[in-house]
Amino acid sequence: MLTMHRTHLRSLLSEPRGLRLILLKRAGRNFFKSISDSYVKSLDDLPIAALRSGIGIVDIVRESLNRMVVRIYECVSCFASPPIGTTMCDFEAGFLEAAMEKLFGRNRVVETRCWGLGYSFCEFEIEFLW
Ligand SMILES: [Zn+2]
């Protein structure tokens, strides 16, 4: 899966940022729904679901009433990639968005740290929209 996923991702990296965001987020959301939706019933299930489905090692870093910070280590999209000056993991953002929507409701996920920016993990900020 890893090689194929990365080949698709690389072919999308040359597309405009907005288009890439929409396509990859949707793909990540659909992936969650088809692979993990029936399994994830609480936040505790999310790291296991992410690991099982090959996304990476999910760590919930911070939680508050309307925000959450989640890290992914060894992310399927960008692990060990050289820095390219941009985040790369909209697929994972879509996966997290679908999971958080199922568990807590409408939200927006933005990747703020990534191998693509020179970090050795991905970090996502989740804002709940209620
Ligand atoms: Zn990333």
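Two strands count as paired if DSSP finds at least two bridges between them. With that in hand, let us walk through this predicted model, starting at one strand pair and working outwards.

**The sheet**

Strand 3 and strand 4 (residues 122-128) meet that condition, pairing in the antiparallel sense over six bridges. Within this pair, Glu-111 stands opposite Phe-124 of strand 4. Both strands belong to an open sheet of four strands, which has the order 1-2-4-3 and antiparallel pairing. Which strands stand at the edges? They are strand 1 (57-63) and strand 3 (107-113); each has a single partner strand, so one side of each is left without a neighbour in the sheet. On average, neighbouring strands of the sheet are turned by 25° against each other, direction ignored.

**The helix on the sheet**

Helix 4 packs on this sheet and touches strand 2, strand 3 and strand 4. The direction of helix 4 makes about 145° with that of strand 3.

**The core**

Now to the nonpolar interior. The largest nonpolar core has 31 residues, and those with the most contacts inside it are Cys-89, Phe-95, Leu-96 and Ala-99. Two or more residues each are given to this core by helix 2 (17-35), helix 3 (45-52), strand 2, helix 4 and strand 4. Helix 4 supplies the largest share, seven residues. Phe-95 is a good residue to click on in the viewer: leaving aside residues up to four places away in sequence, Phe-95 touches Gly-28, Phe-31, Phe-32 and Ile-55.

**Two residues with positive phi**

Most residues other than glycine have a negative phi. Where, then, do Glu-74 and Ala-80 sit, with their positive values? Glu-74 is found in the loop between strand 2 (67-73) and helix 4 (90-103), and Ala-80 is also found in the loop between strand 2 and helix 4.

| Residue | Phi | C-beta neighbours within 10 Å |
|---|---|---|
| Glu-74 | near 55° | 14 C-beta atoms |
| Ala-80 | near 70° | 8 C-beta atoms |

Are these residues buried, partly exposed or exposed? A residue is exposed if 12 or fewer other C-beta atoms lie within 10 Å of its own, and buried if there are 20 or more. Glu-74 has 14 such neighbours and therefore counts as partly exposed. Ala-80 has 8 and is therefore exposed.

Terms used. Residues are numbered from 1 along each chain as its sequence is written. This is a predicted model: local features need pLDDT of at least 70, side-chain atom pairs count only at pLDDT 80 or more; totals for chains, interfaces and linings use all residues. Axes are lines fitted to C-alpha atoms, for helices over the stretch in contact, and angles run from 0 to 180 degrees between N-to-C directions. Two residues are in contact if their C-beta atoms, placed from the backbone, lie within 7 Å. A nonpolar core is a set of buried Ala, Val, Leu, Ile, Met, Phe, Trp, Tyr and Cys residues joined through C-beta atoms within 7 Å.
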